[in-house]
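Please work through the following exercises with the sequence and the structure at hand. Each task is followed by a solution in steps.

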Amino acid sequence: MLIIFGGLPGVGKTSIARALAQKIGAVHLRIDTIEQAILDAGVLPDDDIGPVGYMVANRQATDNLKLGLTVIGDAVNSVEETRSEWRLAAERASKPYVQIELICSDPGEHRHRVETRSCDIENLHQPDWDKVLGRHYEPWDGVDLIIDTAKMTVDQAVDAICGVIDKNK
């Protein structure tokens, strides 16, 4: 199964994805890690990553799904185009998928997270609060679960996602 995460930076996607991956033994594909590795390779002019990171992640997802592994796609997924590519990755492997949108309904808490989080990826420059607010983000259609991280702990979110996974196997 492919578990597709999405949500603005700072809502808690990676924290929840890591906890979920550990709990269920899933492969965790994090777009930030993939994109920064590509940028660090210096093969793209002017750090113009475009869709490359998502394309790499989608192909890795398909490969791992074909092996029978559960995969978590951890990305902002701000537009339908990226979300549909994740679904296509699952379809290529003939595996089911679930779509999980993470939000933080408390703007003060969300801002605090964005402004105080530490980065564990070398050379990654995380967006500031103004960039998070200014980011284009399309509403999701067909999302299986919305997790409000202002109202749930990581463990509660993981349990809720596990419930959705069990229903969609």
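The exercises below treat a sheet, its helices, one residue and two pockets. The model is predicted.

**Exercise 1. The sheet**

Task: Determine the order of the strands in the open sheet and identify which strands are at its edges.

Solution.
Step 1. The open sheet has 5 strands, and their pairing is parallel. In general, strands of a sheet pair through backbone hydrogen bonds, either parallel or antiparallel.
Step 2. Begin with β3 (residues 71-74). Strand β1 (residues 2-6) runs parallel to β3 and is joined to it by 4 bridges; here L2 has V71 as its bridge partner.
Step 3. Strand β2 (residues 27-30) also pairs with β3 in the parallel sense, over 4 bridges. In this pair, the bridge partner of H28 is I72.
Step 4. Elsewhere in the sheet, 4 bridges join the parallel strands β4 (residues 97-103) and β5, with I103 opposite D148 of β5.
Step 5. The complete order is β2-β3-β1-β4-β5. The edge strands are β2 and β5 (145-148), each of which pairs on one side only. On average, neighbouring strands are turned by 20° against each other, direction ignored.

**Exercise 2. Cover on the sheet**

Task: Establish which residues of β3 are buried on each side, and describe how α2 and α4 lie on the sheet.

Solution.
Step 1. On one side of β3, V71 and G73 are buried; on the other side, I72 and D74 are buried. Both faces of the strand are therefore covered, since buried means under 20% relative accessible area.
Step 2. Helix α2 lies across β2 and β3 and runs at about 55° to β2. Helix α4 packs on the sheet and touches β1, β3 and β4; its direction makes about 150° with that of β4.
Step 3. The buried residues in α2 are I31, I34, E35, Q36 and I38. In general, an α-helix has 3.6 residues a turn, so residues three or four places apart point the same way. The cover over the buried residues of α2 includes β2, α3, β3 and α4.
Step 4. After α2 comes G42, which has a positive phi near 70°.

**Exercise 3. One residue in a helix**

Task: Is T62 buried or exposed, and with which residues is T62 in contact beyond its neighbours within four places in sequence?

Solution.
Step 1. T62 is found in helix α3 (residues 52-66).
Step 2. The relative accessible area of T62 is 5%. Because the cut-off for buried is under 20%, T62 counts as buried.
Step 3. Leaving aside the neighbours within four places in sequence, the contacts of T62 are A89, R92 and A93.

**Exercise 4. Two pockets**

Task: Describe the largest pocket and the second largest pocket by volume and lining.

Solution.
Step 1. The largest pocket holds about 1200 Å³ of space. It is lined by 43 residues, of which D32, R117, L124, Q126 and P127 are the closest to its centre.
Step 2. The elements giving two or more residues to this lining are α1 (13-24), α2 (31-41) and α7 (154-168). By class, the lining of the largest pocket has 16 nonpolar, 14 polar and 13 charged residues.
Step 3. The second largest pocket has a volume of about 190 Å³. Its lining residues include Y54, M55, E81 and R92, and the elements that give two or more residues to it are α3 and α4 (80-92).
Step 4. The lining of the second largest pocket divides into 3 nonpolar, 3 polar and 4 charged residues.

Technical notes:
Residues numbered from 1 in each chain as written. Predicted model: local features only at pLDDT ≥ 70, side-chain atom pairs only at ≥ 80, totals over all residues. Heavy atoms only, no water. Buried < 20%, exposed > 50% of the residue type's maximum accessible area, 1.4 Å probe, protein only. Contact = heavy atoms within 4.5 Å. Pairing = 2+ DSSP bridges. 1 Å grid on protein atoms, 1.4 Å probe; cavity = no way out; pocket = protein on both sides within 12 Å on 5 of 7 lines; lining within 4 Å. Points joined across faces, edges and corners; volume = space filled by probe spheres on them. Nonpolar A, V, L, I, M, F, W, Y, C, P; charged D, E, K, R; others polar. Axes fitted to C-alpha atoms, helices over the stretch in contact; angles between N-to-C directions.
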